[in-house]
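Here is my note on the structure, point by point. Please keep the sequence and the 3D view open as you read.

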Amino acid sequence: MASSNTVLMRLVASAYSIAQKAGMIVRRVIAEGDLGIVEKTCATDLQTKADRLAQMSICSSLARKFPKLTIIGEEDLPSEEVDQELIEDSQWEEILKQPCPSQYSSIKEEDLVVWVDPLDGTKEYTEGLLDNVTVLIGIAYEGKAIAGVINQPYYNYENNEKQQLREHRNEAKAGPDAVLGRTIWGVLGLGAFGFQLKEVPAGKHIITTTRSHSNKLVTDCVTAMNPDAVLRVGGAGNKIIQLIEGKASAYVFASPGCKKWDTCAPEVILHAVGGKLTDIHGNVLQYHKDA
């Protein structure tokens, strides 16, 4: 079946464009200078204007195009009319050219659950650690994460800043690496795209773990693994990207705190390239709407 006729691939193609729109919103809020920060449960559990606007954009855009979906977002927002400028109607045509894995070709819209983290790494976002930030849209079927999109709004932002500095000095422009932002996507049975898969250097055992939500158990667990190096960064999406790009061997977080919207999309990308994401006991994660 042509992917353009399957619900799953049309949804992934829409989620790709919608995630890009959300990434633009995240960048715009920083540029405007008013983050609108509020504490949710504690000083490390924050919400910003970017979280709110990006979730409104993602959930409203998905619901308009796929009204029978179950959509679960991180932020608890009041129902209100969404500004038309937050709506993204387009689809990424390159995804529609890909074949839909046969096991998903007859999925119905109402069978799918979409888990949305509009801004993963909010604390780091408020502190200017912008390369930690991702937008996550994960798609689950029968409790299993099967497709996902990760947008990195500030991928290459350091290179981009260097390019702007060179342009200001009338020096030669940087190459294509200075393009700001990127979107990674994947579907189980098809693959993952938008990045270069790399292995950790041979003989190295590098752990990535939380930067903002650590405790004694997390620290003891990481230490017990006797790693050669430990990376402490923000965002579940960001840490999974470290794995697939060869910056870390394993992501370890031995503590409550991760939610389904943190892990659904990243899990798909990791599983699509041969990795594995489980709870601390090795059990697979469930993504039913009432999980």
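1. **T6, ahead of the first helix.** T6 sits in the segment before α1. The model is predicted. T6 is buried, because its relative accessible area is 0%, under the 20% cut-off. The side chain has a polar partner: one of its polar atoms lies 3.5 Å from the backbone nitrogen of M9.

2. **The whole chain.** The protein has 8 helices and 11 strands. It has 291 residues, and buried residues make up 50% of them. Take the contacts between residues at least 6 apart in sequence: 71% of these join residues at least 24 apart.

3. **Helix α2, its length and start.** Helix α2 runs over residues 49-65 and has 17 residues. From first C-alpha to last it reaches 24 Å, close to the 24 Å expected at 1.5 Å a residue. The N-terminal end is capped by T48. A side-chain oxygen of T48 lies 3.2 Å from the backbone nitrogen of A50.

4. **Helix α2, its surroundings.** How many residues of α2 are buried? The count is 12 of 17, so the helix is mostly covered. Among the buried residues are A50, D51, L53, M56, I58 and L62. Polar side chains are on the list as well, including Q55, S57, S60 and S61. The cover comes from several elements, including helices α1 (7-32) and α4 (122-126). Strands β2 (45-47), β3 (70-73), β4 (112-120) and β5 (134-141) also contribute.

5. **The annotated site.** UniProt, in an unreviewed entry, places the feature "binding site" at E74, D117, L119, D120 and D262. These positions are spread over 189 residues of sequence, yet they cluster in space. The largest C-alpha distance among them is 9.6 Å. Please keep in mind that such annotations may be inferred rather than shown by experiment.

6. **L119, one of the annotated positions.** L119 is in strand β4. Is L119 buried or exposed? It counts as buried, because its relative accessibility is 1%. Leaving aside neighbours within four places in sequence, L119 is in contact with V26, T48, A50, D51, Y125, V133 and T134. Two names link back to the helix above: A50 and D51 are buried residues of α2. T48 is the residue that caps α2.

7. **D262, another annotated position.** D262 lies in helix α8. At 9% relative accessibility, D262 counts as buried. Which backbone nitrogen lies 2.8 Å from a polar atom of the D262 side chain? That of K259.

8. **K260, in the same helix.** K260 is found in helix α8, residues 260-272. K260 counts as partly exposed, because its relative accessibility is 22%, and the cut-off for buried is under 20%. Beyond residues up to four places away in sequence, K260 touches W115, Q286, Y287 and A291. With Q286 there is a polar pairing: the backbone oxygen of Q286 lies 2.5 Å from a polar atom of the K260 side chain. The C-alpha atoms of K260 and L285 are separated by 8.3 Å, although the two residues are 25 apart along the chain.

9. **A parallel strand pair.** Strand β9 (residues 206-210) and β10 run parallel and are joined by 5 bridges. I206 stands opposite A229 in β10. The chain crosses from β9 through α6 to β10, and this β-α-β crossover is right-handed.

10. **Two residues with positive phi.** Most residues other than glycine have a negative phi. Where is N226 found? It is in the loop between α6 (216-224) and β10 (229-233). Its phi is positive, about 50°, although N226 is not a glycine. N226 counts as exposed, because its relative accessibility is 62%. E142 also has a positive phi, near 55°. E142 is found in the loop between β5 and β6 (144-152). E142 is exposed, because its relative accessible area is 59%, over the 50% cut-off. Please check the backbone of both residues in the 3D view.

Conventions
Residues are numbered from 1 along each chain as its sequence is written. This is a predicted model: local features need pLDDT of at least 70, side-chain atom pairs count only at pLDDT 80 or more; totals for chains, interfaces and linings use all residues. Side-chain values use heavy atoms; hydrogens and water are left out. Helices (H or I, at least four residues) and strands (E, at least two) are DSSP runs, numbered from the N terminus. The expected span of a helix is 1.5 Å times one less than its number of residues. Buried means under 20% relative accessible area, exposed over 50%, partly exposed in between (1.4 Å probe, protein chains only). Contact means heavy atoms within 4.5 Å. A polar contact is a pair of N or O atoms within 3.5 Å; within protein, one must be able to donate a hydrogen and the other to accept it, and residues adjacent in sequence count only if both atoms are side-chain atoms. Two strands pair if DSSP finds at least two bridges between them. A crossover is right-handed if, with the strands pointing away from the viewer, the path from the first strand over the helix to the second runs clockwise.
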